[in-house]
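User: I am new to this structure and would like to be led through it by questions, with the reasoning spelled out in each reply. Could we begin once it is on display?

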Amino acid sequence: MSKIKRIWSYEILDSRATPTIECVCLLESGVLGVYSVPSGASTGTHESLELRDKDETRYRGKGVLKAVQNVNEVIGPSLVLSGIDATKQSEIDAKLIEMDGTENKTRLGANSILSVSGAVCKAAAAEQKIGLYEWINKLAIEKGIKAKMHIPTAVFNMINGGLHGAGNLDFQEFFLIPASTKSFSEGLRIGAEIYMVIGQNLARRGAIHSVGDEGGYAPNLFTNADALEIMVEAIGQANYQVGRDVFLGLDVASNTFYSDGVYTIRDKSAPLNEDSLISYYKELNNIYHMAILEDPLYEDAWEGWKKLKSILGSQVSIVGDDLLVTNIKRLEKAIQNDSCNAVLVKPNQVGTISETLDVIKKSYDANWKVMVSHRSGETNDSFIADFAVGVGSHYVKFGAPARGERISKYNRLAAIEKELLYKNESSK
Ligand code: PGA
Ligand code: ZN
């Protein structure tokens with residue numbers, strides 16, 4: 001095993017030309033772990049703090065030099081001085097949490113803290129000469145998670161709206177989900193083929209079809225439901241069947257169209273109250289039989305979530321993202337309140353690998369579905385793919401099957417799929 005020799009970090013750019021932090025953990029053996037932190041656009045109010053410089057003379061205030069400084073001058077030296085071994089992930093994360101000392105990591109920033117947590121994790125896997133997903137699986141088991149390594153079902157974001165798209169849709173993400181009976185590589189092919197057809201169809205209709213932040217098309221359409229209709233049409237043209245080969249879903253990210261107790265969407269001429277919006281989801285579900293519905297209501301509408309879960313929860317995975325923000329206390333409240341039945345897991349919402357594992361354990365214990373997620377601002381780091389395999393999540397969502405920073409994750413899953421297969425065969 002190997003002690004941490006030095007930790008350093010620096011600014012790099014994410015997929016939106018926005019600075020983010022990359023961190024390197026060097027072990028005494030000479031092994032390196034390098035990890036970069038993603039960043040959200042439609043962030044939940046209750047997420048941990050993403051520390052930004054707010055110096056308008058650099059990167060329009062979005063620089064992360066303070067976070068870099070916190071790693072280089074505070075966190076790194078302290079871990080090196082402690083003489084701790086890189087394989088002690090939960091002890092290291094506990095130290096990071098203690099060093100910060102605040103509820104939402106407002107002193108050091110969740111971005112600086114997670115950069116270290118992730119770099120240490122990668123270094124520990126490399127040191128042991130095992131796959132990152134295998135190391136994460138060991139950490140998960142150490143936490144009491146009965147996780148079986150497997151490739152999760154991909155949830156592709158084919159059409160981007162809301163804060164992620166230059167088009168006019170209110171709903172943020174229109175999902176295509178290959179049937180879980182398909183292998184990952186089959187699912188990837190299905191996703192890519194349907195993606196191509198959607199693009200051709202949108203171009204033919206003259207709907208603008210540039211892509212949004214997560215690589216899905218960002219069209220101008222009459223209603224949000226039209227985007228679902230376009231997907232259904234493309235699925236048929238690609239020779240697949242909804243409900244057999246693929247399923248549909250939505251991350252509506254409703255915070256972005258909620259204001260003063262009402263929800264405003266282009267599908268309806270007047271703003272909707274909570275009950276009317278729930279009825280509209282019911283209507284959409286009757287037509288499209290959705291597998292997943294994420295953030296259907298505002299992030300603090302606890303009673304509404306409960307009502308919606310009681311109506312649609314037996315048919316649909318109701319996913320809490322902005323509601324739960326990978327925060328164990330909000331998760332506990334949601335389990336108690338019966339608010340949803342699935343959790344979106346984003347390590348940078350909370351700030352350490354260990355706390356992320358705690359959230360996954362609690363979700364599994366409650367019999368919830370787990371969807372491990374990228375952020376809309378990404379780098380080419382594929383850590384999150386290994387993480388999802390290691391914890392054995394049901395779903396992953398890494399955006400469209402297009403654009404480098406999304407593809408680096410899906411391609412990593414394709415590689416792990418084969419690695420697991422051949423390793424398994426060779427050990428027989
Ligand atoms: P974000 O979007 O990364 O911009 O928060 C992803 C999501 O809402 O799931
Ligand atoms: Zn979301």
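Analyst: A term is needed before the rest: a salt bridge is a side-chain nitrogen of Lys or Arg within 4 Å of a carboxyl oxygen of Asp or Glu. Please keep in mind throughout that this is a predicted model.

User: With which residue does Lys329 form a salt bridge?

Analyst: The closest N and O atoms of the pair are 3.0 Å apart, which is inside the limit because a salt bridge requires the two atoms to be within 4 Å. Lys329 lies in helix α9 and its partner in the loop between α2 and α3, so the pair ties together parts that are 226 residues apart in sequence. At 51% relative accessibility Lys329 counts as exposed, and the residue with which Lys329 forms this salt bridge is Glu103.

User: Is Glu103 buried or exposed?

Analyst: The relative accessibility of Glu103 is 59%. Since the class of exposed residues begins over 50%, Glu103 counts as exposed.

User: How many salt bridges does the rule find across the interface of domain 1 and domain 2?

Analyst: The domain assignment places residues 4-129 in domain 1 and residues 153-426 in domain 2, and the C-alpha centres of these domains lie 27 Å apart. One salt bridge to look at is that of Lys105 with Glu355, whose closest N and O atoms are 3.0 Å apart. Across the interface of domain 1 and domain 2, the number of salt bridges found by the rule is five.

User: Which element gives the largest share of the side of domain 1 that touches domain 2?

Analyst: There are 25 residue pairs in polar contact between domain 1 and domain 2. On the side of domain 1 that touches domain 2, the elements giving two or more residues are β1, β3, α2 and α3. The largest share there is seven residues, and the element that supplies them is α3.

User: What is the area buried between domain 1 and domain 2?

Analyst: The contact between the domains involves 35 residues of domain 1 and 29 residues of domain 2. Carbon and sulfur atoms give 50% of the area buried between domain 1 and domain 2, and that area is about 2500 Å².

User: How many residues of helix α12 are buried?

Analyst: Helix α12 runs over residues 383-391 and is largely enclosed by the rest of the structure. Among its buried residues are Phe383, Ile384, Asp386 and Val391, and just after the helix Gly392 takes a positive phi of about 65 degrees. Of the nine residues of α12, the number that are buried is nine.

User: Where does Arg403 lie, given that its phi is positive?

Analyst: Most residues other than glycine have a negative phi. Arg403 departs from that pattern, with a phi near 80 degrees, and at 47% relative accessibility it counts as partly exposed. The place of Arg403 is the loop between β13 and α13.

User: What is the phi of Tyr59?

Analyst: Tyr59 lies in the loop between β3 and α1, and with a relative accessible area of 40% Tyr59 is partly exposed. Although Tyr59 is not a glycine, its phi is positive, at about 45 degrees.

User: How far does the backbone nitrogen of Tyr298 lie from a polar atom of the side chain of Tyr263?

Analyst: Tyr263 is in strand β8 and is buried, with a relative accessible area of 1%. Leaving out residues up to four places away in sequence, Tyr263 touches several others, including Pro271, Leu297, Tyr298 and Ala301. From a polar atom of the side chain of Tyr263, the backbone nitrogen of Tyr298 lies at 3.0 Å.

User: Which residue forms a salt bridge with Glu419?

Analyst: Glu419 is partly exposed at 28% relative accessibility, and its partner is four residues away in helix α13, so the two are separated by about one helical turn. The closest N and O atoms are 3.5 Å apart, and the residue paired with Glu419 is Lys423.

User: Is Glu405 buried or exposed?

Analyst: Glu405 is in helix α13, and its contacts beyond four places in sequence are Ser15, Asp213, Glu378, Thr379 and Asn380. Its relative accessible area is 13%, and because the limit for this class is under 20%, Glu405 is buried.

Terms used. Residues are numbered from 1 along each chain as its sequence is written. Chains are lettered from A and ligands numbered from 1 in the order in which they are written. This is a predicted model: local features need pLDDT of at least 70, side-chain atom pairs count only at pLDDT 80 or more; totals for chains, interfaces and linings use all residues. Side-chain values use heavy atoms; hydrogens and water are left out. Buried means under 20% relative accessible area, exposed over 50%, partly exposed in between (1.4 Å probe, protein chains only). Contact means heavy atoms within 4.5 Å. Domain bounds come from an automatic or database domain assignment. Buried area is the accessible area (1.4 Å probe) that two parts lose on being put together, summed over both. A polar contact is a pair of N or O atoms within 3.5 Å; within protein, one must be able to donate a hydrogen and the other to accept it, and residues adjacent in sequence count only if both atoms are side-chain atoms.
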